[in-house]
Amino acid sequence: MDGTGELFAPFLRALGGEFPCVVIRYPADQPLDYPALEALVRRQLPICAEFALLGESFSGPVGVSIAASPPAGLRGLVLCASFLRNPRRGLSWLRRLLAWMPVTMTLGRLRSRILLGPAASPELQSELAAALTQVLPGVLRARMSAVMAVDVVEAFRRVTVPVLYLLAEEDRVVPESSAALVKRTLPSAEVISIRAPHLLLQAAPEEAAEVLRTFLRKV
């Protein structure tokens, strides 16, 4: 949700140098919707190289939209603790209240209880807090609103590259039904479970990196 890219450092270290990685960052001061973010990401993708695209949480629908109309070099799509449509559809009514919601305070309270799990280190909690404070509240509201309205199920049906879904077993933000929808929509998708909270790449970087390396070697 923060889009800063700051929180990927532990995962990138665990992944090592076998597969060079580029972190695409979202502007912290522009409330861009999903189509605008898709365009931003497309402009930064490799032109003359094979690559896989990883969409974590909020960014999963961006990855799906790109993979549904893929650039020439795309060889695989990874969705991490993500979704094809609003993962909490019962809370859609909150969308009209976002303009008045103290979003930074709300996300701060979610940080230790839900996003990171009870075993989160003080260092990781501090890094998450620092990342969130870089993003304007209006931008965070816009991204939360986009999540509540998104639906890329039909686009996902058009994806032909191999798909890997990383399921966070202790996720209290995106329910397991989101992974089930991925599998139901595209039966060829591979779903791998890792014991971790919603921020899987941050809480379990070594396990996630090993699974991703295996997938990348195949594709």
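The paragraphs below lead through a predicted model, from its confidence to its sheet, its packed helices and its salt bridges.

The mean pLDDT of the chain is 88, and 87% of its residues reach 70 or more. One stretch calls for caution, since pLDDT stays under 50 over residues 91-95, for which the model nevertheless has 7 contacts beyond four places in sequence. Where pLDDT is low, the predicted coordinates should not be read in detail.

A convenient place to begin is the open sheet, whose 4 strands follow the order E1-E2-E3-E4 with parallel pairing. Strand E1 (51-56) and strand E4 (190-194) stand at the edges and have a single partner strand each, so one side of each is left without a neighbour in the sheet. From one strand to the next, the twist averages 20°. Strand E3, covering residues 163-168, runs parallel to E4 and is joined to E4 by 5 bridges, and in this region Ala168 stands opposite Ile194 of E4. Helix H8 (residues 176-185) packs on the sheet, where the helix touches strand E2 (74-80) as well as E3 and E4, and the direction of H8 makes about 165° with that of E3. Helix H10, for its part, lies across E1, E2, E3 and E4 and runs at about 160° to E4.

H10 also leads to the salt bridges, of which the structure holds 8. In one of them Arg217 pairs with Glu18, the closest N and O atoms being 2.8 Å apart. Because Arg217 lies in helix H10 (residues 205-218) while Glu18 belongs to the loop between helix H1 (9-15) and helix H2 (34-42), the pair ties together parts that are 199 residues apart in sequence. Arg217 is partly exposed, with a relative accessible area of 48%, and Glu18 is likewise partly exposed, with a value of 42%.

Other salt bridges lie inside a helix. The side chains of Glu38 and Arg42 meet in a salt bridge at 3.0 Å, N to O, and both residues lie in helix H2, 4 residues apart, which is about one turn of the helix. Glu38 counts as buried at 19% relative accessibility, the cut-off being under 20%, whereas Arg42, at 29%, counts as partly exposed. In helix H7 (residues 153-157), Glu154 and Arg157 are 3 residues apart, again about one turn of the helix, and they form a salt bridge whose closest N and O atoms are 3.0 Å apart. Here Glu154 is exposed, with a relative accessible area of 51%, and Arg157 is partly exposed, at 46%.

Methods: Residues are numbered from 1 along each chain as its sequence is written. This is a predicted model: local features need pLDDT of at least 70, side-chain atom pairs count only at pLDDT 80 or more; totals for chains, interfaces and linings use all residues. Side-chain values use heavy atoms; hydrogens and water are left out. pLDDT is the predictor's confidence in each residue, from 0 to 100. Contact means heavy atoms within 4.5 Å. A salt bridge is a side-chain nitrogen of Lys or Arg within 4 Å of a carboxyl oxygen of Asp or Glu. Helices (H or I, at least four residues) and strands (E, at least two) are DSSP runs, numbered from the N terminus. Buried means under 20% relative accessible area, exposed over 50%, partly exposed in between (1.4 Å probe, protein chains only). Two strands pair if DSSP finds at least two bridges between them. Axes are lines fitted to C-alpha atoms, for helices over the stretch in contact, and angles run from 0 to 180 degrees between N-to-C directions.
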